[in-house]
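I opened this entry to keep track of what I looked up, going from a single charged pair to the overall fold, then to helix packing and aromatic rings.

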Amino acid sequence: MASVEPVKEKKLMDVKLGELPSWILMRDFTPSGIVGAFQRGYYRYYNKYINVKKGSIAGLNMVLAAYVIFSYCFSYKKLKHEQRRKYH
């Protein structure tokens with residue numbers, strides 16, 4: 001028999017599609033709640049990729065890739081005008 005746990009305590013991957021609106025409404029959208037969510041994400045990332053016994057370059061590569069993608073998105077308007085065009 002499956003255990004019944006409240007929707008609020010479920011992770012996003014465990015929430016069924018019909019429970020999604022109620023799960024979103026139970027989240028904490030206050031400034032302190034949003035800051036707490038970012039802190040939890042940072043600590044989860046740090047402990048998984050940076051603070052390990054046998055580390056690799058994977059964690060730093062993810063940060064570098066995110067930086068490259070975001071900088072490209074911010075400068076896309078400027079780069080869009082420098083495309084090669086066929087002149088006739």
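**Lys10 and its partner**

I began with Lys10, which is buried, its relative accessible area being 17%. I was working with a predicted model, and I kept that in mind for each entry below. The cut-off matters here: buried means under 20% relative accessible area, so Lys10 at 17% falls within that class.

Which residue does the side chain of Lys10 meet in a salt bridge? I found Glu19, with 3.1 Å from N to O, and since a salt bridge needs the nitrogen within 4 Å of a carboxyl oxygen, the pair qualifies. Glu19 has 23% relative accessibility and therefore counts as partly exposed, whereas Lys10 is buried. I then searched the whole structure for salt bridges and the count came to one. As a general remark to myself, side chains of opposite charge can pair when their charged atoms come close.

**The chain as a whole**

I next looked up the secondary structure and noted four helices and zero strands, the elements running α-α-α-α from the N terminus on. The chain has 88 residues, and buried residues make up 8% of them; Lys10 belongs to the buried class.

**The segment before H1**

I looked at two residues in the segment before helix H1, and H1 itself covers 20-25. Leu12 lies in that segment, and so does Lys11.

What does Leu12 touch once its neighbours within four places in sequence are left aside? I recorded contacts with Leu20 and Trp23. Leu12 and Trp23 are eleven residues apart in sequence, and their C-alpha atoms are 8.3 Å apart in space. For Lys11 and Trp23, twelve residues apart in sequence, I noted a C-alpha to C-alpha separation of 9.3 Å. I also checked the accessibility of Lys11, which is exposed with a relative accessible area of 64%.

**Packing of H2 and H3**

Two packed helices are described by the angle between their axes and the distance between the axes, so I looked up both values. Helix H2 (residues 31-50) and helix H3 (residues 58-74) pack at an angle of about 130°, and their axes are 8 Å apart. H2 and H3 are therefore oblique to each other, given that angles over 145 degrees would count as roughly antiparallel and those from 65 to 115 as roughly perpendicular.

Which residues make this contact? From H2 I listed Tyr45, Tyr49 and Ile50, and from H3 Gly59, Leu60, Met62 and Val63. I sorted the residues of the contact by character and obtained six nonpolar, one polar and no charged.

I added a note on Lys48, which is found in helix H2 and, at 56% relative accessibility, counts as exposed. The C-alpha atoms of Lys48 and Gly59 are separated by 8.4 Å, the two residues being eleven apart along the chain.

**Aromatic rings**

How many aromatic pairs does a search of the whole structure find? I counted four, and I wrote down two of them in detail. Tyr42 and Tyr43 form an edge-to-face pair, 5.4 Å from centre to centre and with 65° between the planes; Tyr42 is partly exposed, with a relative accessible area of 47%. Tyr72 and Tyr76 also form an edge-to-face pair, with 5.9 Å between the centres and 65° between the planes. I looked up both partners: Tyr72 counts as partly exposed at 44% relative accessibility, and Tyr76 is partly exposed with a relative accessible area of 36%.

I closed the entry with the grouping of rings, in which Tyr42, Tyr43 and Tyr46 form one aromatic cluster.

Technical notes. Residues numbered from 1 in each chain as written. Predicted model: local features only at pLDDT ≥ 70, side-chain atom pairs only at ≥ 80, totals over all residues. Heavy atoms only, no water. Axes fitted to C-alpha atoms, helices over the stretch in contact; angles between N-to-C directions. Parallel < 35°, antiparallel > 145°, perpendicular 65-115°, else oblique. Contact = heavy atoms within 4.5 Å. Nonpolar A, V, L, I, M, F, W, Y, C, P; charged D, E, K, R; others polar. Phe/Tyr/Trp six-rings, centres within 6.5 Å; stacked < 30°, edge-to-face > 60°. Buried < 20%, exposed > 50% of the residue type's maximum accessible area, 1.4 Å probe, protein only.
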